[in-house]
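I opened the file to see what could be looked up in it. My notes follow in the order I took them.

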Amino acid sequence: MRICAVALVGLIALTGCGKKKGGSHDGGLGGFVSGGSGGNDNPASGPTDLPSGVPTDLPSGVPSGVPSYDAPTPSYTYSAPATYNSDGTNDISASGCDYDESTRSFQYTLNLRNPETQSMHYSITIEWEDQNGGSLLGSDYKSVTVASGSSQTLSATSYRTLTEQTSFTCKVTSALKYPSST
């Protein structure tokens with residue numbers, strides 16, 4: 001039944017059945033217009049057939065762009081990180097620059113005091129040099145965390161056998177400090 005209805009509508013469309021000359025349509029067959037030649041049928045051909053009085057441009061006073069609004073101000077305060085001097089050599093006093101023949105080692109005692117308001121981590125390099133030629137005789141490295149306002153004593157040691165009388169110096173060559181994460 002459905003196929004018959006589709007076929008009937010297709011047949012009517014192809015033959016132009018249902019169209020009367022003079023532009024009026026027969027009320028019993030629906031109302032559609034096929035073709036375009038013959039009769040007085042003039043479909044709208046473009047903008048020239050628009051009714052009069054239709055505006056062709058945008059009205060004035062229409063806002064453009066994105067509307068503005070006042071964003072809420074976040075309510076937080078910023079605290080700058082504590083400042084500190086990353087050179088920790090001034091936090092160290094040393095004593096006991098010596099060579100122990102029984103253990104064949106250079107020794108140096110470091111007294112470390114953290115003057116900062118936070119716990120600091122120190123990375124310290126100690127060297128023993130020959131006073132006559134400036135050559136390196138030994139070195140040691142210490143890594144330690146010291147609480148705010150606290151002190152700590154460290155023993156630096158470097159093992160080496162000396163075969164002759166040698167004059168040497170002990171020195172802290174670097175002491176980098178930074179805030180401790182613990």
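I began with the link of C97 and C170, which is right-handed, with 80° about the S-S bond. I note here that the model is a predicted one.

I then looked up the S to S distance for C97 and C170 and found 1.8 Å. I searched for further links of this kind, but the structure holds one disulfide.

Next I asked which parts the disulfide ties together. C97 lies in strand β1, residues 92-100, and C170 in strand β6, residues 168-179, so the pair connects parts that are 73 residues apart in sequence.

I checked how each cysteine is covered. C97 has 34% relative accessibility and counts as partly exposed, because buried would require under 20% and exposed over 50%. For C170 I found a relative accessible area of 12%, so this residue is buried.

I turned to the secondary structure and listed one helix and six strands for the chain. Reading from the N terminus, I wrote down the order as α-β-β-β-β-β-β.

I looked up burial for the whole chain as well: 21% of its 182 residues count as buried. The chain exposes about 13,400 Å², and I noted that carbon and sulfur atoms supply 53% of that area.

Last came the contacts. Taking those in the chain with a separation of 6 or more, I found that residues 24 or more positions apart account for 60%.

Methods. Residues are numbered from 1 along each chain as its sequence is written. This is a predicted model: local features need pLDDT of at least 70, side-chain atom pairs count only at pLDDT 80 or more; totals for chains, interfaces and linings use all residues. Side-chain values use heavy atoms; hydrogens and water are left out. A disulfide is a pair of cysteine sulfur atoms within 2.5 Å. Helices (H or I, at least four residues) and strands (E, at least two) are DSSP runs, numbered from the N terminus. Buried means under 20% relative accessible area, exposed over 50%, partly exposed in between (1.4 Å probe, protein chains only). Contact means heavy atoms within 4.5 Å. Accessible areas come from the Shrake-Rupley method with a 1.4 Å probe; for residues, only the protein chains shown count as cover.
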